[in-house]
There are 4 protein chains.
Amino acid sequence: VNPIDRLTEAFEHFPGIGPRQARRFVQYLLTRPAGTRAELAKAIGELGASSAQCKSCYRWFVKTASQKGFCGVCASTSRERGTICVVEKDADIDGVERSGYRGLYFVLGGVVPLAAEEPEKYVRLRELVHRTEADAAKKELSEVILGLSATTEGDHTRALLQEKLAPLAAALKFKLSSLGRGLSTGSELEYADPDTIASALNSRA
Amino acid sequence: VNPIDRLTEAFEHFPGIGPRQARRFVQYLLTRPAGTRAELAKAIGELGASSAQCKSCYRWFVKTASQKGFCGVCASTSRERGTICVVEKDADIDGVERSGYRGLYFVLGGVVPLAAEEPEKYVRLRELVHRTEADAAKKELSEVILGLSATTEGDHTRALLQEKLAPLAAALKFKLSSLGRGLSTGSELEYADPDTIASALNSRA
Amino acid sequence: VNPIDRLTEAFEHFPGIGPRQARRFVQYLLTRPAGTRAELAKAIGELGASSAQCKSCYRWFVKTASQKGFCGVCASTSRERGTICVVEKDADIDGVERSGYRGLYFVLGGVVPLAAEEPEKYVRLRELVHRTEADAAKKELSEVILGLSATTEGDHTRALLQEKLAPLAAALKFKLSSLGRGLSTGSELEYADPDTIASALNSRA
Amino acid sequence: VNPIDRLTEAFEHFPGIGPRQARRFVQYLLTRPAGTRAELAKAIGELGASSAQCKSCYRWFVKTASQKGFCGVCASTSRERGTICVVEKDADIDGVERSGYRGLYFVLGGVVPLAAEEPEKYVRLRELVHRTEADAAKKELSEVILGLSATTEGDHTRALLQEKLAPLAAALKFKLSSLGRGLSTGSELEYADPDTIASALNSRA
């Protein structure tokens, strides 16, 4: 395989990128100055060295001397340290932050497929249990919010987590909750699906 | 104006129809047998005679001898008669019915525009107050659910209704609630807007 | 069936209208004053009486005393009467007019499905042959342009018409042509399909 | 700026990529094994060394010992060497190849913006003139096809090229042509814009 095809194939694995756009990326790079390409290559190569996965929430962050393995949120003393929002992936954190949430996070690393027999192979279930136990031992934990998507796989994963965490919540005395369902901002009742309306009726207040 | 243009213009007022599709409608009718057109004309002309607006919820329904001015839902004895879901328009009722809701309805007849000074000109506010008072007098009313869209105008209308109905709810002892906000079924957390995430965190359970 | 359901079903037969929008049409009509509905019904009912199909090109037009069964274009003396553009349906004429075309038209009334055995059942093939013969007899005909869509059925219909009209064109000495294929205005080469590029290379000038 | 932000910014310059997707690319890379990232970095870094720009048509291609600076098409003896299709960019060649074209190419390297005063700064105008003269000198050149997009800038660029190449075409006796305009494959007459219909009428055959 020649380098152009190999690079095209690598780009095809990027999220949301098909063969045509992968080829356009390579064309784009071919027309850049060699220096630009070298910089990009360097940035990609150094990504591992300059970044780390948080020891507490498992998100990826840029290393700095002071944080000792913890990301900015986990290292912060001004966050509400008793609340953990469990999300599927790093990218979900951005939206939750913009919503004004001030607690901590835990990144599951994925969802559990419907037919999966060993959830631990897909998500950080053991690590989550460990985290809640550790936080509870420090008398810090008051609530774990399951911040999963309202999709079939998100629902399946939430059910698995609830099953696993409910006994822990009872024993360690923390609240276990899930994001509310209902009409999303900007949506019209006429075009909402029956399921969403049922949720909205259910969570009415 | 000739009949083709006049009919085209009439179709342009239909919801969601632009000039091009209005013209296609006329072309379509021109190619139908005269009998089909006559039937359609008859059906439209008789719409008023064969249908009526429910005296209780203001939705439109097909008249039958037995119901005496009430639609099927309002005339039914098997519905939960203590709950009223207030919706903007007739079409909203379909979705709420499909969600499994078993209470009654009240059709506002629209939303109140943001700059409107007299809400009564846009929605059936007086009729809603009258309905709640009448139902409460019959000892039937336990809850009024504001089933408005999660849009700016829907929010504005809900705020107006709450202002108006809150004293009544206190005096007549019924609950006043609104549809819950949050992630709608099928939506991914990553693509939810901050407002929706804030609502979902707020209505977590 | 009640009148609301019957009218809903009638609207579902309108081009491009599904069950949901058909229901919205009925809701819309229910909320109009009875006078508006009566006017609409009248306009639909009178459509047949006030309009006619052109004896020459078969398009539908609004009758006026003077034209004696011919539409405005066919009755006009300022059009190029030697050119006939054959189109599938009335609505196609609008676009061709806006392109600056100054000749006459013939409306086929449809396309011929791929598997059809008797094209005459689907399009006005006999009428088209008759029209070309009549125009040629008046020494008026110089060109017949097949103005069909660039779709599979359009291509199939064009092939059938060519087969039928080619001997006539030779005998009556008129030109038989088809609309050019190629890049449509505004389209980028990169996103054009191979077929369109092949046509564009073929019709290069 | 930290490495994650720097890499995000680099991806934002990729064609068709916005800030959100750029961030997803970085997240994706962070979760890959270090070896995968190293390979990608290597492939990007080596892109320059392993590829070259064709001396004749200016497209980018993977270097091999035998071709001596010419791409596969330009080096081939089985192509129709008398025809040059002038395209805007490398990616346009794919589509033209799939259309069955068997001649040679010339990559302009862009289009000329409407307000541009010096076209040479935007496209390889001098190189194109040189190429036609060289091919003509070898008695090889019979036609130059301007294979530009049917966009405003494509039209502007074509007009500039025609002005420049017309005297050359007359002097060196080659044909100068442009891609045909008209209905693109699959398009319906009813939805074609007037400009496209005018072109289709113009290029009728």
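Q: How many residues of chain A are in contact with chain B?
A: Keep in mind that this is a predicted model. On the other side of this contact, chain B puts in 41 residues. Chain A's own share is 41 residues.

Q: How much area do chain A and chain B bury between them?
A: Let's put an area on that contact. Carbon and sulfur atoms hold 58% of what gets buried. The total for chain A and chain B is about 3600 Å².

Q: Which residues of chain A lose the most area to chain B?
A: Three residues of chain A stand at the top here, and together they make up 17% of what that side buries. They are Thr185(A), Leu189(A) and Arg204(A).

Q: Which residue of chain B does Glu190(A) meet in a salt bridge?
A: The count between chain A and chain B is 4 salt bridges. For Glu190(A), a nitrogen and an oxygen sit 3.2 Å apart, and a salt bridge needs them within 4 Å, so the pair qualifies. The partner is Lys89(B).

Q: Which element of chain A gives the largest share of the side that touches chain B?
A: Chain A and chain B also have 22 residue pairs in polar contact. On chain A's side, α5, β5, β6 and α8 each supply at least two residues. The largest share is 7 residues, and it comes from α8(A).

Q: How many charged residues are on the side of chain A that touches chain B?
A: Sort that side by class and you get 16 nonpolar and 15 polar residues. What's left is the charged group, with 10 residues.

Q: How much area do chain A and chain C bury between them?
A: Now for another neighbor. This contact takes 4 residues from chain A and 4 residues from chain C. Of the buried area, 28% is on carbon and sulfur atoms. The total is about 480 Å².

Q: Which residue of chain C forms a salt bridge with Glu190(A)?
A: Glu190(A) turns up again, this time at the interface with chain C, where there are 2 salt bridges. Its closest N and O atoms in this pair are 3.3 Å apart. On chain A's side of this interface, 3 residues are charged and 1 is nonpolar. The partner of Glu190(A) in chain C is Arg24(C).

Q: At roughly what angle do the axes of α1(A) and α3(D) cross?
A: Helix α1 covers residues 3-12 of chain A, and helix α3 covers residues 34-50 of chain D. Their axes come within 9 Å, and the crossing is left-handed. The angle is roughly 150°.

Key. Residues are numbered from 1 along each chain as its sequence is written. Chains are lettered from A and ligands numbered from 1 in the order in which they are written. This is a predicted model: local features need pLDDT of at least 70, side-chain atom pairs count only at pLDDT 80 or more; totals for chains, interfaces and linings use all residues. Side-chain values use heavy atoms; hydrogens and water are left out. Axes are lines fitted to C-alpha atoms, for helices over the stretch in contact, and angles run from 0 to 180 degrees between N-to-C directions. Helices (H or I, at least four residues) and strands (E, at least two) are DSSP runs, numbered from the N terminus. A crossing is left-handed if the near helix is turned anticlockwise from the far one by less than a right angle, and right-handed if clockwise. Contact means heavy atoms within 4.5 Å. Buried area is the accessible area (1.4 Å probe) that two parts lose on being put together, summed over both. A salt bridge is a side-chain nitrogen of Lys or Arg within 4 Å of a carboxyl oxygen of Asp or Glu. Ala, Val, Leu, Ile, Met, Phe, Trp, Tyr, Cys and Pro count as nonpolar, Asp, Glu, Lys and Arg as charged, and the others, Gly among them, as polar. A polar contact is a pair of N or O atoms within 3.5 Å; within protein, one must be able to donate a hydrogen and the other to accept it, and residues adjacent in sequence count only if both atoms are side-chain atoms.
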